Structure formats: C-alpha cells, structure tokens
Amino acid sequence: MRWVCVTVTGPMEDRYEPQTFESRWAEDWNARRIYAAPELPGEKPKRFVMEMFPYPSGDLHVGHVENYSIADAMARYWRMKGFEVMHPMGYDAFGLPAERRAMQLGIHPREATITNINQMRSSFLRLGFSYDWDREVISCEPEYYRWNQWIFLKLLDNGLAYRTKAAVNWCPVDKTVLAKEQVVNGSCWRCGSEPVVRDLTQWFLRITNYSDRLLDDMPRLRWKDSLLAKQRHWIGRSRGAEVTFVLKTKDGKKTIEMPVFTTRPDTLWGATFFVVAAEHPSARDLVEGSGQEKDFDDFVRRVRQQTEVDRMAGTGARLGAELPAVAINPVSGEEIPVWAADYVLMGYGTGAIMAVPAHDQRDFEFARQYKIPIKPVIAPDDQPFDEGTVLEAPYSGPGRMIHSGPFDGTRVDPETREGIDKVIDWLQSEGKGSGAINYRQRDWLVSRQRYWGTPIPIIHCEDCGEVPVPYEQLPVVLPDQADYTPKEDAVSPLAKNEEWVNVACPSCGKGAKRETDTLDTFFDSAWYFLRYCDPKNEEIPFDASKANAWGPVDFYFGGEEHAVTHLIFARFFTKFFADQGWLNFEEPFETLFNQGYVTLVGKDMSKSSGHIIEAAGTIDRFGADAARVFMLFCSPPADDYDFDADGQDEIGRVAFRWLSRVWRVMGEVSDHPPSDELSRVLHRTVKAVTEDMEVFGLNTAIASLMTFVNEVTKSVGPPPKQAAETFLKLLAPFAPFITEELWHRYGNEGSIHFEQWPDYDEKLASPEQVTLVLQVNGKVRDKVQVTPDINEEDMRELALSNEKVRSHLDGAEPKKIVVVPPRLVNVVV
Ligand code: ANZ
Ligand code: ZN
C-alpha cells in the first residue's frame, strides 16, 4: 500500500505552539465580524443563546472560562447544526461592585468600569468566544440607561411605580437600602453585613400585581426544579381565610375590629390568644390611656432592632407583651387574651393573627414561654385526643375536628385542603369571614442612595409634587462628580451636586429639585436581553418586531444564585412589556442552564487574596484552546469542580498535552479513503458527540474525541483527510483555534466554524456485527449476526435456543459443544 501524502503548509514536526496562531485567528474573526448575527433571523430556525452578562471585574479566572466556554461551545454547535444563532455579550456596569472597586483604587467608578470592560473584552476575544460584538450592551452608558429611565416612566404611567415611606432594610456598610430580595439569610447580598431597619421614603415597583402570573407560568419553563421551587417559595402564595375578631379594651372604653389571615380556619376553635404585630398602630391604640405606654414603647423599640429573618425564625425565645384587651372569637364567642409579639410581622397578611398553639409551631412556643393554654382541635386519625391531652409538640397533620361546634367529626387535611374549604364556605355564609389569598412577595424596592446608577427621572416640585422628566428630555445624564462616596444620612451623594440637582419644574417652571436616588442595578439587568435584539435603536428601547423575531432567549446560561432576584425581575418586566404590546411572549428565558462552581482547593477564587488561577496566565502558558478544553472536560457542566493547589499545571497536563497530540496526529493527512474499521470508529464518534451535545454532555463529548484520537494512532501512517476533517468539525466548538488552523492548513478556504455539523450513518455507527455459524454435527444449520466481543457462554446459549438447531437436535442431549468465538458453534450429538 502506498500512502499519498498531502503536504501541509509548514513542517508539521513543529511543536504545538498555540501562541503562534490563536491571536491571529482571534483578530481575523473579529475584523471580519464572522459571528455577527443578521438583523433578523430570516429563513433558518433561530437560537438566541446568552450568558448572564458579567459585572466588569477586570481579569477573568478559570471559573469564568468554564462558564463562558459552555455557552460558546453550544452556540458554535448550533451554528454548525444550521441554526441562525445570536450570541451577544455585554456588561452589567452599574452598581455597588464597580463602585466599591473604584473606591479601593481611589479612582472614579467610570474609569474603573471602562478599564475593566476593555480588559474583559480583550480576554473574551483571546478566548475565541463567538460573540456578536456589534450588539454589545454596556449598562452604564447613557445610550443604554436612558431606556431604563424611559421604562421607569412607563411603569409610572401605568401605576406600577410609586414612592412611599416604608420600613426598609438599610445596609450600614454599603450605606444604601436593599431590596427584600437582596437580603440573603439575613445579610446584605454584597457585603454580608447585617442590615438595620429604617423608615425611609423610597421608590417601589408593583411586582406584586404580577405574583399570580409569575407563579402560574412557571410550569412551562425548562428550568431546574430546585430553582423554580425557590421562586415559588419566594412568591409564597397561600390560600386561606380572613376572619374578623372584635377587640375590647379591659376598661371597656374602646372596641376595634381586626381581621386576621389564616391558612387554617379549621383550627379557629383552638385559638387561645390573639397576636398583633408590635408596630401595628392598633396595638398602640389599645395601650393608650392604660398607663403602660412607656413600657410598651420600649418593647416595640426592642422588637424593631431585630431583622425580619430573626423575627420569622422557627425557634428561639420570643419578645411578647400582653395588652390590656381581650379578643372575641367570632365562632365560639370565647374571650381570649391579646398580645403583641415580635413574630407577627406588620407587612404580612393583616399584621395580626389568631394564635392556635396546638397546631402551629411558633404559637406553640410562644404559649409555652408565656404559659398560655394550649387546646387541640384536630385529632390525628389514630389517636383520638380528649380533654386532658397534653401535646409535646404542635400537630399539623390531617385528622378530625374536635371541640369545634358544628364541625365536630369533620375530616381535614392541610395537604389536600380537605375540609378546609368547607369551613371557609360556612364562615362566609355566617358573615364571619371570607376566603383570602396571601403572598410573601413584596413590591420591588428600586431606589438606591448610591452614585453609580441610573438617575431616577423625577423632579420634585413644591407645588406640583413628583413630576416625571418629560420623555423627550431623556436621558437624565449621571453627572461626573468627584465625590461619589455614600453617606450615613440615607441621602445619595448626588444631592450635593447643586448644579445638577436644581432644575426648573417641567410642569410649572418654578425652581425644583431632581430626585437624587438611582435605580437598583437589577433594573438594568431585567431587560438587557431585549436591547441585544435592537442595540442601536435611538427612538425606543427595542423594536417589537426585532425582539419578537429573536426572543425569547432560547438558552440562558448562568448561576442559580439569581433565583429570586434577577430571574424574577426579568420575568416581571417581560410580562409588563407584553401587556404594553411590545412583545408577543411573556417569558424571557425558555431554557435555563445553571453551570457548576469552580473553586481552588475548596475555596472561591478571589483576586484580592491571590487565591486564584487567572485566565490570562493560563492562556499565556497553554493557549486559549487548552484552557477551554480543560474547563469543559474536567467535570459535567452542571457540576462543581475544585482545582488542586497546582491548578494551572493541571490544565497543562491534561488539555495541552492532548491538543499537542491532536496537532501531531492530525498535522499530516493522506488522501487515502478511511478503512472500514476507521469509518466505523468515525461514525460512532460523530454519533456519540452529537448525542452528548444535545444534552449538554460536553465533558463526555470530549472523552469520545479523545478515544477517536487513540484509535487513529493505532493505524500506520497519517490519517485520511476526510476522517481528520470530520474530527476537526467535532472538535471545533471546544477548541476553535487549533481546528481553524488545521482546517486551513489542509487547504480549505472558509472558516471551519460555518461548516455543517457532520452526519453519521446509523448502521456504521452501531457496533460492528460478525456472522456466527451454527452447526449440528458439522453441518451448517443457521447463521446469525452477533457483535465480535460475544463470549463463549452467550454463544453456547444462542446455539441451543436457536429454532433450527433445536429441530435438528430433535430432543437429543448434546455430547459436546465446540465454540470458536465469535464465528462458530458446533453442537455434536
Ligand atoms: C392560625 C393557624 C393555625 C395558622 C395553624 C397556621 C397554622 P403562610 O403559609 O406562610 O402564608 N400568619 C399570618 N399573618 C402573619 C403575620 N403577619 N406574621 C406572622 N405570622 C402570620 O402562613 C400563614 C399563617 O401564618 C397563618 O395561618 C398565620 O397563622 C400566620 F394551625 O393562623 B395561621
Ligand atoms: Zn411645579
């Protein structure tokens, strides 16, 4: 056999030196804008693929490389599969992180942000991510944030933005208010310090108008169950009843009616006390004139020092104060004591509860602490309670109602709501209560007392009140000012910029003042994906026809930590936009992919402490392809990965060596057709990689490519060009540079990244078959197809159970069975 060698450019004995060609290709792709998506998707099916846009931190570490490489590999795969792919990138450039970093460096946030963006963009280019750079979005630029202001005014026009005084969480370190969503396990989401409660006048968005739709549309989302569960819990819709109690002061002078919200109206007969939130104005009313005012005010002050998380905690000692009043149970007429307590929150339900210690954990603990009677009214099916039953713990399971007047013996189950609706119907017909639904979710607090954000487009006029900045005067440009540091007094640093603050009222022309709070950065990220669809529009945030053609985002890649912040806000905005007729879809992100976390020796990577494997250093040493291949190979994309102390060398050991091998093995090719054997291996590899790509199995796809290279090296001489090209196409989504380089060295003209994804022949891809001959006494009786690796045991069984063999045996016991794997079985009788 004679090998015909296709000589490739340059001597291929040369070593794999990615530095010699990676940046050349990166520049070429960028200069020719080969990854730019057309204005509209056109004929081909579209795929809108994106990652959560990063905040401009500057350097990337290898964890970032993994995140972006996953999405990029998928985008490249879909492009080769024939989809019109839009894969944009941008920067979440406003907000605390950028501001805090600027403060550390003693420079202006704009400077810090722009420097970092430039650095990140060049890293992204170096890594070969196939972004459409013509669609880049930078949220701190007026070209972007003017549309935040525009959207804010539209929300205001629609009654969905309002300003009110409220008790809010204030971060004493970041010196700004936090949205309820930004208090994570009782701490500020950014700095981890414990927020304090302050009464401040703030701007809110009525996201709660959308609570039901946010819940009801959830089943159609292809998101992780655990993430949907977090959102469901956050919105926290509970069904129950509102029941009104009459409260009377002990001196008989005052009577007030107070409704309570309860999910368990079936336990009404077991209410042994009534609790009002400590800060409820009616609590103070009941105390007024009793002589206990001062003690009570002290008590309220102590309660208010606690955060909401502490107050809602399931266990622990409670602050409580008995009030000089009684409440009358509307179903039994019984008089029960009235308390004020920390565990009842003003902002939930009606701010007052009926307490049923026998069946509710917190009521139970409170009753034990303050020696209040506990009266069971639901008996478990297997243990009929009687008068003397002493509970060790509250009982919240199913059972039968007891001591419950007309309902005695009724079966109830809080799980299935059996019996509970019956009680609600009865309350309604008796005029004592009605069905009610309650939500945990609160309106979105969007104002921040920080400099680095979108100015809220409002002007405060003494005569006209809150006047929106007219649309045609947008943007309200964030002024450049030297002092941007936050202040204790809950006033934005913008307030000191007299020149900027003082303006004429747009309505009456009198001297007025600009709103000095800025918008939460989560406002920016709640709609940026729509701007990608129409990034240069100067009339409106985006054109409906473009957003509808590209949207919704088909695949969204990002961390699970945004479950109850960004991912809820973006859903809210999308629904609002759909209601305005700007979109024909109501869900922004069809499929959400949460990648795993990358750590170094068990800890998060952090630049400030030097505990980091920087992407730049890794790329310098091993090349971008090696970094990408390693990060995709090291673990399934959804799993976490922890680097050893010598993490950077790990990448070199595995990925750089393998790519060197690819370079050597595929560097020289023959135009000889592939052998049958190699054809099979190739088709098998195409099938395996394709199937893996369809389920994000990027690490196993790479493993199949590795196996293929091993197989190729078993044969003599350079591999056939046809097989090598197919292999390169399969590798292209992972390692875009080496594949492009070899592709061109083979003499191809266009980019490999726009080649069609290889097909496979199902027959060739399935395991090879050989013919097994079945004989009886040396005579051929049948032939069957088997895989070459069949074992002797299976061959023997196959022969003895074969119809034709059995009919020739005719019941005779075989004397001897000769087995020659995998070709022959001879049964001798
Ligand atoms: C009586 C009762 C008996 C309750 C029972 C529960 C079990 P979810 O499911 O979270 O909506 N509650 C109502 N308003 C409250 C407030 N402002 N602060 C603290 N707790 C409040 O919880 C609803 C239940 O939480 C309500 O049902 C009420 O206690 C309590 F066996 O009423 B229940
Ligand atoms: Zn005015």
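A polar contact is taken here as a pair of N or O atoms within 3.5 Å. The model analysed is predicted.

By that criterion, ligand 1 makes a polar contact with Y348: an N or O atom in the side chain of Y348 lies 2.4 Å from an oxygen atom of the ligand. Backbone atoms also approach ligand 1. A nitrogen atom of the ligand is found 2.7 Å from a backbone N or O atom of L345, and a polar backbone atom of T263 is 3.0 Å from an oxygen atom of ligand 1. Of the 640 Å² that ligand 1 exposes when taken alone, 83% is buried by the protein. Two elements, β12 (255–262) and β16 (352–355), give two or more residues each to the shell around the ligand. In total, 15 residues surround ligand 1, and the closest of these are S238, T262, L345, Y348 and H359. Sorted by class, the shell comprises 8 nonpolar, 5 polar and 2 charged residues.

Another site examined is H87, which is placed in the loop between β3 (84–86) and β4 (90–91). The relative accessibility of H87 is 0%, so the residue counts as buried, the limit for that class being under 20%. The side chain of H87 forms a polar contact of 2.9 Å with the side chain of E51. When neighbours within four places in sequence are left aside, the residues in contact with H87 are V49, M50, E51, A71, D72, A75, R79, S130, Y131 and D132.

Backbone geometry was examined at several loop positions. The peptide bond between G551 and P552 is cis, with omega near -10°; P552 belongs to the loop that runs between α16 (544–550) and β28 (553–557). P821 and P822 are likewise joined by a cis peptide bond, for which omega is about -10°. In this case the loop holding P822 lies between β35 (816–820) and β36 (824–828).

Positive phi values occur at K371 and F696, neither of which is a glycine. For K371, phi is about 55°, and the residue is located in the loop between α11 (361–369) and β17 (378–379). K371 has a relative accessible area of 72% and is therefore exposed, as the threshold for that class is over 50%. For F696, phi is near 60°, and the loop concerned connects α21 (676–694) with α22 (698–714). F696 counts as buried because its relative accessibility is 15%.

Notes:
Residues are numbered from 1 along each chain as its sequence is written. Chains are lettered from A and ligands numbered from 1 in the order in which they are written. This is a predicted model: local features need pLDDT of at least 70, side-chain atom pairs count only at pLDDT 80 or more; totals for chains, interfaces and linings use all residues. Side-chain values use heavy atoms; hydrogens and water are left out. Helices (H or I, at least four residues) and strands (E, at least two) are DSSP runs, numbered from the N terminus. Buried means under 20% relative accessible area, exposed over 50%, partly exposed in between (1.4 Å probe, protein chains only). A polar contact is a pair of N or O atoms within 3.5 Å; within protein, one must be able to donate a hydrogen and the other to accept it, and residues adjacent in sequence count only if both atoms are side-chain atoms. Contact means heavy atoms within 4.5 Å. A residue is near a molecule or strand if one of its heavy atoms lies within 4 Å of it. Accessible areas come from the Shrake-Rupley method with a 1.4 Å probe; for residues, only the protein chains shown count as cover. Ala, Val, Leu, Ile, Met, Phe, Trp, Tyr, Cys and Pro count as nonpolar, Asp, Glu, Lys and Arg as charged, and the others, Gly among them, as polar.
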